[in-house]
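I opened this notebook to keep a record of what I looked up in one structure, working from burial to pockets, surface and charge. The sequence and the model come before the entries.

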Amino acid sequence: MVDIMTDKQFDKIMQMIRMVLDGCKDLDEAKKKVDQLMENSKDKEE
């Protein structure tokens, strides 16, 4: 099955990424925060 992302969903994801990046001092910190969000998302799916 192919999932298609709507423009609204894409915009929401980009807003969330921007919020994460705004609070980071450097790229490594941003990567860690994104990894944590991805892990939290995976935990909720299971």
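Entry 1, burial. I began with the cut-off, under which a residue is buried when its relative accessible area is under 20%, exposed when that area is over 50%, and partly exposed in between. The model I am reading is a predicted one. I looked up Val20, which is found in helix H1, and I entered it as buried because its relative accessibility is 14%, a value that falls under the 20% limit. I then turned to Ile17, which also lies in helix H1, and noted that it counts as partly exposed because its relative accessibility is 35%. For the protein as a whole, I found that buried residues make up 7% of the 46 residues.

Entry 2, overall build. I listed the secondary structure and found 2 helices and 0 strands in the protein. I noted the span of the C-alpha trace along its principal axes as about 40 × 25 × 15 Å. The area that the protein exposes came to about 4,800 Å², and I wrote down that carbon and sulfur atoms supply 56% of it.

Entry 3, the largest pocket. Which residues line the largest pocket? I found Ile13, Met16, Ile17, Val20, Val34, Leu37, Met38 and Ser41 in the lining. The elements that give two or more residues to this lining are helix H1, covering 7–22, and helix H2, covering 27–45. I recorded a volume of about 170 Å³ for the pocket, and I sorted its lining residues into 7 nonpolar, 1 polar and no charged. Val20, the buried residue of my opening entry, is thus listed here as one of the lining residues, and so is the partly exposed Ile17.

Entry 4, nonpolar surface. I looked for a nonpolar patch on the surface and found one of about 530 Å², made by Met5, Phe10, Ile13, Met14, Ile17 and Leu21. Ile13 and Ile17 contribute to this patch, and I had already met both of them in the lining of the largest pocket.

Entry 5, charge pairs. How many salt bridges does a search of the whole structure find? The search gave 1, and I traced the pairing to Glu29 and Lys33, whose closest N and O atoms are 3.8 Å apart. Both residues lie in helix H2, 4 residues apart, which is about one turn of the helix. I checked the accessibility of each partner: Glu29 counts as partly exposed because its relative accessibility is 23%, and Lys33 is partly exposed as well, with a relative accessible area of 29%.

Entry 6, distances between C-alpha atoms. I took Lys33 again and found that it and Leu21 are 12 residues apart in sequence and 8.7 Å apart in space, C-alpha to C-alpha; Leu21 is one of the residues that make the nonpolar patch. I closed with Val20, which is 11 residues from Lys31 in sequence and 9.4 Å from it in space, again C-alpha to C-alpha.

Definitions and conventions: Residues are numbered from 1 along each chain as its sequence is written. This is a predicted model: local features need pLDDT of at least 70, side-chain atom pairs count only at pLDDT 80 or more; totals for chains, interfaces and linings use all residues. Side-chain values use heavy atoms; hydrogens and water are left out. On a 1 Å grid over the protein atoms alone, a cavity is a set of points where a 1.4 Å probe fits but cannot get out, and a pocket is an open set with protein on both sides within 12 Å along at least five of seven lines; lining residues have an atom within 4 Å of a point. Grid points are joined across faces, edges and corners, and a volume is the space filled by probe spheres set on the points. Ala, Val, Leu, Ile, Met, Phe, Trp, Tyr, Cys and Pro count as nonpolar, Asp, Glu, Lys and Arg as charged, and the others, Gly among them, as polar. Patches are made of residues with over 30% relative accessible area and no salt bridge: like charges are joined within 9 Å, nonpolar side chains (Val, Leu, Ile, Met, Phe, Trp, Tyr) within 5 Å. Accessible areas come from the Shrake-Rupley method with a 1.4 Å probe; for residues, only the protein chains shown count as cover. A salt bridge is a side-chain nitrogen of Lys or Arg within 4 Å of a carboxyl oxygen of Asp or Glu. Buried means under 20% relative accessible area, exposed over 50%, partly exposed in between (1.4 Å probe, protein chains only).
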